[in-house]
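Welcome! Take a moment to look over the chain below, and then we will walk through it together, topic by topic.

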Amino acid sequence: GRGVVLTAAGQRLLEHSVGILQLVARAREAVEATRDEPAGRIVVGMPPSVGRQLTRPLVEAFRRECPQARLAIVEGLSAHIVEWIATGRVDVGLVHNPEPNDAIDTEPVLDEPLCLVSAARARGAAAGKPVPLKDLPTYPLVIPERSHAVRRLLETQAALAGIKLDIAWEISSVPAMLDLVAGGYGHAVLSRSAVDAEVTAGRLAVRPIGAPPLVNTLCLATSASKRATP
């Protein structure tokens, strides 16, 4: 918080330390892999919008299929998860719209159209009609700060369309965003799956963004240099 940065010597030490710790972990995993059942520890990184949906089914499946192994799940923005994978803190992650990175291998797993999320009582929300991209400036938005993948995608497409968005509030916590939207403080742009529970409960309503549609791509990300264990 005070702008502390590593010296050049500290940076070199960090690079060596990460490599040493990864070698120790690989040695341990290689020994444990000779057992009849998968063992060891795996760290999975997920964005908050994905974590709300997948944490429980992932834990249930992991406990059923790998009872001798340990699972750790961390949440963070896609940009942070990519950094954590590159430095060895996270083994595998789900990230939105990753930028090219030589240290990371990515595989697309899901394309999700983005929607305009509004309070259920907001005018026109219940109709569910598509909202043209050119009309987005008429909606005050509650969206994450600039490092968030959805924010980058939204601003890129807005710039290509020659429109300027009305950013009312910058909130990087998905639950906090949804609370503000439900309270009438603005509208959010998220995938439908991220707000299914609130829509079902009658708090929020979603309308697809169209002409052109905004598509959010979810990718599976792993280290390009770390060998996968069993």
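Helices and strands here are DSSP runs, with at least four residues for a helix and at least two for a strand, and they are numbered from the N terminus. With that in hand, we can place Asn-97, which sits in the loop between strand 3 (92-96) and strand 4. Please keep in mind that this is a predicted model.

**The chain as a whole**

- The secondary structure consists of 6 helices and 10 strands.
- Measuring along the principal axes would be one way to picture the overall extent: the C-alpha atoms fill a box of roughly 60 × 45 × 30 Å.
- The chain has 230 residues, and 37% of them are buried.
- About 13,300 Å² of surface is accessible, and carbon and sulfur atoms account for 56% of that surface.
- If you take the contacts between residues at least 6 apart in sequence, 77% of them join residues at least 24 apart.
- There are 25 positive and 24 negative side chains, and the centres of these two sets are 5 Å apart.

**The nonpolar cores**

- In soluble globular proteins, nonpolar side chains tend to be buried together.
- The largest nonpolar core in this chain has 17 residues, and the members that touch the most others are Leu-116, Leu-136, Leu-141, Leu-154, Val-189 and Ile-209.
- At least two residues of this core come from each of strand 4, strand 6 (140-143) and helix 4 (149-161).
- Which element gives the most to this core? Helix 4 does, with 4 residues.
- Leu-154 is a good residue to click on: beyond residues up to four places away in sequence, Leu-154 touches Leu-136, Leu-141, Ile-143, Leu-165, Val-189 and Leu-214.
- Another core lies apart from the largest one and has 14 residues, including Cys-115, Leu-178, Ala-182 and Val-206.

**Asn-97 and Asn-216**

- Asn-97 has a relative accessible area of 19%, and the cut-off for buried is under 20%, so Asn-97 counts as buried.
- Most residues other than glycine have a negative phi.
- The phi of Asn-97, in contrast, is positive, near 45°.
- Asn-216 belongs to strand 10 (residues 215-223).
- Is Asn-216 buried or exposed? Asn-216 is buried, because its relative accessible area is 3% and buried means under 20%.
- Which side chain makes a polar contact with the side chain of Asn-216? The partner is His-96, at 2.9 Å.
- Leaving out residues up to four places away in sequence, Asn-216 touches His-96, Asn-97, Leu-110, Asp-111, Glu-112, Leu-114, Val-150 and Leu-153.

**Cys-219, further along strand 10**

- Cys-219 is also found in strand 10, and its relative accessibility of 5% makes it buried.
- Not counting residues up to four places away in sequence, Cys-219 touches Gly-93, Leu-94, Val-95, Pro-98, Thr-106, Glu-107, Pro-108 and Val-109.
- Cys-219 and Ile-163 are 56 residues apart along the chain, and 28 Å separates their C-alpha atoms.

**Asp-105 in strand 4**

- Asp-105 is located in strand 4 (residues 104-119).
- With 41% relative accessibility, Asp-105 is partly exposed, because that class lies between the 20% limit for buried and the 50% limit for exposed.
- Setting aside its neighbours within four places in sequence, Asp-105 is in contact with Leu-220, Ala-221, Thr-222, Ser-223 and Ala-224.
- From C-alpha to C-alpha, Asp-105 is 29 Å from Ala-159, and the two are 54 residues apart in sequence.

**Two serines to compare**

- Ser-193 lies in the loop between strand 8 (188-191) and helix 6 (196-200).
- Ser-193 is buried, with a relative accessible area of 17%.
- The side chains of Ser-193 and Gln-53 are joined by a polar contact of 3.4 Å.
- Beyond residues up to four places away in sequence, Ser-193 touches Gln-53 and Glu-112.
- Ser-225 is in the segment after strand 10, and its relative accessible area of 60% makes it exposed.
- Along the chain, Ser-225 and Leu-116 are 109 residues apart, and their C-alpha atoms are separated by 39 Å.

Conventions: Residues numbered from 1 in each chain as written. Predicted model: local features only at pLDDT ≥ 70, side-chain atom pairs only at ≥ 80, totals over all residues. Heavy atoms only, no water. Buried < 20%, exposed > 50% of the residue type's maximum accessible area, 1.4 Å probe, protein only. Contact = heavy atoms within 4.5 Å. Areas by Shrake-Rupley, 256 points an atom, 1.4 Å probe, with all protein chains shown as cover. Lys, Arg positive; Asp, Glu negative; His and termini not counted. Charge placed at Lys NZ, Arg CZ, Asp CG, Glu CD. Core = buried A, V, L, I, M, F, W, Y, C linked by side-chain atoms within 4.5 Å. Polar contact = N/O pair within 3.5 Å; in protein donor to acceptor, adjacent residues only side chain to side chain.
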